[in-house]
Amino acid sequence: MKNSDNRRDFIKKTVTGAAALSFGGVLPGFSAKSYARILGANERVQVAMMGVNSRGLALSQNFAAQKNCEIRFICDVDKRAADKCVDTVSKIQGSTPMAQPDFRKALEDKQLDALVVAAPDHWHAPAALLASAAGKHVYLEKPCSHNPNEGEMLVAAANKYKNVIQMGNQRRSWPNVAAGIAELHGGIIGRPYFAKTWYTNNRPSIGVGKNAAVPEWLDYDLWQGPAPRREYKDNLIHYNWHWFWHWGTGEALNNGTHMIDLARWGLQVDFPTKVASTGGRYRFQDDWEAPDTQNISIEFANKSTISWEGRSCNPFPIEGNTVGVVFYGDNGTMVIGGSNAYKAYDLKNNIIKEAKNETKIDATNLTSPSQQLDAYHIQNFFSAIKSGTALAADIHGGHKSTLLCQLGNIAQRTGKTLNIDPSNGHILNDKAAMKLWSREYQKGWEPKV
């Protein structure tokens, strides 16, 4: 059999559902009969949405649009956001979800199947751990954790409770992206050994915040949750918390996670051997603590490397895309940009394979750049709950990809090149760096498995 035939068979076996699945069609793992059955009211996945101001509102609209789902609770510490989301979801799904500011009370509902976590990063792992302990499944937006220790706790929780935890690496379910990675694994460009990833945007200054009274519409104590208490400032909520280490994880995890995950998937690597980072807050002088310009280099034992370039304040694209990954291999190159598409080239830079995107993607959209494509990921989550279908982005892999970004930030913050144990991702012989492996928690809010 020819090599091309071998690769073709390999790809057919690898891309089992995403490339062939039409929006709203029968899912892998479902027969037409079983799919019809799941649409009954009692068989719909009952969901609580946690954090619905921005990205969470877009996710709520997407979940509500799925015929095999019913949003049961809207949970947000911002009363305005909750009211808006309740109204929006009601119009989409034809029934009114309950507003429950404290998601922990929603977890007490025995009819609830799953919690969707789109709250700030410092809440991601603690909320997912509480949901897991309550016997619920979890759809967890990236990054899965605020720090590496929390990621390991999530893996331990999934092993203990045997629940479904899907991370929001939605591109893992995009059909042409999955097909491109399958082509890569099938040898279309030989052995890929270097993956360059990037994200660019033009974010404005967040200024210098002032202490202010907590707005009447906000439960700031619950918003802080597991994070040690700090005074409220007028430039923190919403969104700017991303750039404060106390609550956020910077651009590397805010957007780098997506492409570094694709890079890790394509190179078929797990934990690295060495991580370094350079950069800083270069554009503005304000309260923003994380880098707005950053280059992370991640080396692996199999002689391969991932790099990530983050530019939060200069939107000039790379390879014509504001976000993407390029794989360089022995026999060619593959480019996956921000859309559901890829191009493969030989070493003479001739296109040898191409899959074009048919869905409009706006990678700079902060809330819902790809709603229709992301529905594949949501349906994969439901299929895993109902039929045991393999997750496109389970928490084991989600933790590994998140950890790569976290190690980059730790290298950045300590100014050191980190030597890593490739068996588990732990930092070797560096007490200062290991101080950032975990965090302090507000007394009484410490997460546990």
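**Group meeting: a nine-stranded sheet and its surroundings**

Let's start with one strand pair. Strand β8, residues 274-280, and strand β9, residues 293-300, run antiparallel and are joined by seven bridges. Take lysine 274: its bridge partner in β9 is glutamate 299. Keep in mind that this is a predicted model.

Now the whole sheet. It is open, with nine strands and mixed pairing. The order is β14-β13-β12-β11-β7-β10-β9-β8-β15. At the edges stand β14 (351-355) and β15 (418-419). Each has a single partner strand, so one side of each has no neighbour in the sheet.

Next, the helices. Helix α11, residues 256-267, lies across β7, β9, β10, β11 and β12. Relative to β7 (192-200), α11 runs at about 170°. Helix α13, residues 395-414, also packs on the sheet. Helix α13 touches β8, β9, β10 and β15, and its direction makes about 60° with that of β8.

On to the cores. The largest nonpolar core has 47 residues. Ile306, Phe327, Met334 and Ile336 have the most contacts inside it. Methionine 334 reaches several parts of the sequence: beyond its neighbours within four places, its contacts include Gly180, Leu184, Ile189, Val325, Phe327 and Tyr342. Apart from that core lies another, of 45 residues, among them Phe103, Cys144, Ala158 and Ala227.

Last, a loop residue. Threonine 96 sits between α4 (79-93) and β3 (98-99). Is threonine 96 buried or exposed? It counts as exposed, because its relative accessibility is 58%, and the cut-off is over 50%. Leaving out residues up to four places away, threonine 96 touches Val86 and Ser90. With serine 90 there is a side-chain to side-chain polar contact, at 3.4 Å.

Methods:
Residues numbered from 1 in each chain as written. Predicted model: local features only at pLDDT ≥ 70, side-chain atom pairs only at ≥ 80, totals over all residues. Heavy atoms only, no water. Pairing = 2+ DSSP bridges. Helix = DSSP H or I, 4+ residues; strand = E, 2+ residues; numbered from the N terminus. Contact = heavy atoms within 4.5 Å. Axes fitted to C-alpha atoms, helices over the stretch in contact; angles between N-to-C directions. Core = buried A, V, L, I, M, F, W, Y, C linked by side-chain atoms within 4.5 Å. Buried < 20%, exposed > 50% of the residue type's maximum accessible area, 1.4 Å probe, protein only. Polar contact = N/O pair within 3.5 Å; in protein donor to acceptor, adjacent residues only side chain to side chain.
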